[in-house]
Amino acid sequence: MGKLTHASLTGTPVNFATNRLEIAVPKGNPAKVRSFADLAKPAVKTVVCAAAVPCGAATLTLEQLTGVTIRPVSEETAVTDVLGKVRSGEADAGLVYVTDIRASNGSVDGVTFPESTRAVNAYPISVLKRSDNPRLASAFVAFVLGSDAQSLLSADGFGAPH
Amino acid sequence: MTRLRATSGPVPRWVIAVAIVGGVFVLLPLAAMATRVNWGQFGALVSSPSSVAALLLSLRTSLAATALCFVLGVPMAVVVGRTRFAGQRILRSLVLLPLVLPPVVGGIALLYTFGRQGLLGSTLSILGVDIAFSTTAVVLAQTFVALPFLVLSLEGALRTAGTRYEEVAATLGARPTTVLWRVTLPLVLPAVLSGAVLSFARALGEFGATLTFAGSLQGVTRTLPLEIYLQRETDPDAAVALALVLVAVAVVVIGIAQRVADPLSLRRQGSL
């Protein structure tokens, strides 16, 4: 979105949802991960997102803010790959979004941690200036920011926009 | 203008025309990519620590995979190409399966075999071998997809070479192992070499199975294709520059393959 607004392709974006990280562990939590700091233990095989993608950037921010240094066994390009490696039991823990664990239909367990509120990713929305149908686009933006869509998003685990 | 010269019989003009279209189809996308390279930054982009680590890892693992393909693939080709047994055709098709499988499927299959929760995973971890997320996993993934190239190329050569020399050697009292080393393999050496180079090239380009099975960590499992995929997220210039490096390496490899295969095979054909 930053690139789009920088190139003056959109109006002022508005955040419609937020998301934060949660620790995904295989069913039964075999490595007994209880906290964010546990991820730094050498015995815990942790998979994270690469710093180049948003979930990885949030992970890096949390590491810097808390002073916990995770030595991941893998840095995945997609958050779904992190989830996949936890689900298959290859990894003991993975840092994914709250919504990913909610959407995993119980195939992984989640471990929440209080530090997660310190790196919140926001999702902005905005109508493109060159939109072929700006009225419809504006209507969609209004829908996403409206109470119906907000309750759907909230049910899927997304946080309220700030 | 140089005229196309047919080496054996005339080639219809329309065949040449279609062949040119095919050639353009292959080369045009590569040329289009080359036009997007930020040449001013090229040196800096391809010499960043992560790029160099990815290139070195790719070369190292592809060499190891090629060695493994050679060790496993030569006996496989000899068995498939030189023996007759029930179900041989089916076995031959199964061996070539990784050629047609999407690499991601190969990665999933490897995961269920060598992964921590896999078929052999618990046995391996008792032995203290942990393959998941290691460079070994990368080599296994590359070997899985590259092996059919060596088997296919060698098996074809074994079939066309015939068994006359082997039969003579056997009547002269040579044991089967001696015949294999001294007669069979020297006869099909060009095919062994070109098969090995093709395997190397396939291993170098391996992406899907590695991503699924090995993970992605700089210097350990993040090979050049995985680095390109990651860079694409933030730095398209770096991704294109690295892609060009990969193309260059592939061109060199294919060049070597043709050089080792052609003169030797021509000489052999001439002597037969």
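These legends go with close-up views of a predicted model.

**View 1. Chain A from end to end.**
Here we're looking at chain A on its own, built from six helices and seven strands. Start at the N terminus and the elements go α-β-β-β-α-β-α-β-α-β-β-α-α. Draw a box along the principal axes and the C-alpha atoms of chain A fill roughly 55 × 30 × 25 Å. As for how the chain comes together, take the contacts in chain A with a separation of 6 or more: 78% of them are between residues 24 or more positions apart.

**View 2. Inside and outside of chain A.**
Chain A has 162 residues, and 43% of them count as buried. On the outside, about 8200 Å² of chain A is exposed, with 57% of that area coming from carbon and sulfur atoms. Now for the charges: chain A carries 15 positive and 14 negative ones, and the mean positions of the two sets sit 3 Å apart.

**View 3. A:Asn29 and its positive phi.**
This one zooms in on a loop of chain A, the stretch between β2 (21-26) and β3 (46-49), where A:Asn29 has its place. A quick reminder on backbones: most residues other than glycine have a negative phi. A:Asn29 isn't a glycine, yet its phi is positive, near 50 degrees. Its relative accessible area is 9%, so A:Asn29 falls under the 20% cut-off and counts as buried.

**View 4. B:Phe133, a positive phi in chain B.**
Over in chain B, the loop to look at runs between α7 (121-126) and α8 (135-161), and B:Phe133 lies in it. The phi of B:Phe133 is near 65 degrees, again a positive value in a residue other than glycine. Buried or exposed, where does B:Phe133 end up? B:Phe133 is buried, because its relative accessibility is 7% and buried means under 20%.

**View 5. A nonpolar patch on chain B.**
The last view stays with chain B and shows a nonpolar surface patch of about 550 Å². The residues that make it are B:Ile90, B:Leu94, B:Leu97, B:Leu99, B:Val100 and B:Leu152. Two helices of chain B, α4 (88-95) and α5 (97-100), each put in at least two residues. Which helix gives the most to the patch? That's α5(B), with three residues. B:Leu97 is found in helix α5 of chain B. With a relative accessibility of 37%, B:Leu97 lands between the 20% and 50% cut-offs, so B:Leu97 counts as partly exposed.

Terms used
Residues numbered from 1 in each chain as written. Chains lettered and ligands numbered in written order. Predicted model: local features only at pLDDT ≥ 70, side-chain atom pairs only at ≥ 80, totals over all residues. Heavy atoms only, no water. Patch = residues over 30% accessible without salt bridge, like charges linked within 9 Å, V, L, I, M, F, W, Y side chains within 5 Å. Areas by Shrake-Rupley, 256 points an atom, 1.4 Å probe, with all protein chains shown as cover. Salt bridge = Lys/Arg side-chain N within 4 Å of Asp/Glu carboxyl O. Helix = DSSP H or I, 4+ residues; strand = E, 2+ residues; numbered from the N terminus. Buried < 20%, exposed > 50% of the residue type's maximum accessible area, 1.4 Å probe, protein only. Contact = heavy atoms within 4.5 Å. Lys, Arg positive; Asp, Glu negative; His and termini not counted. Charge placed at Lys NZ, Arg CZ, Asp CG, Glu CD.
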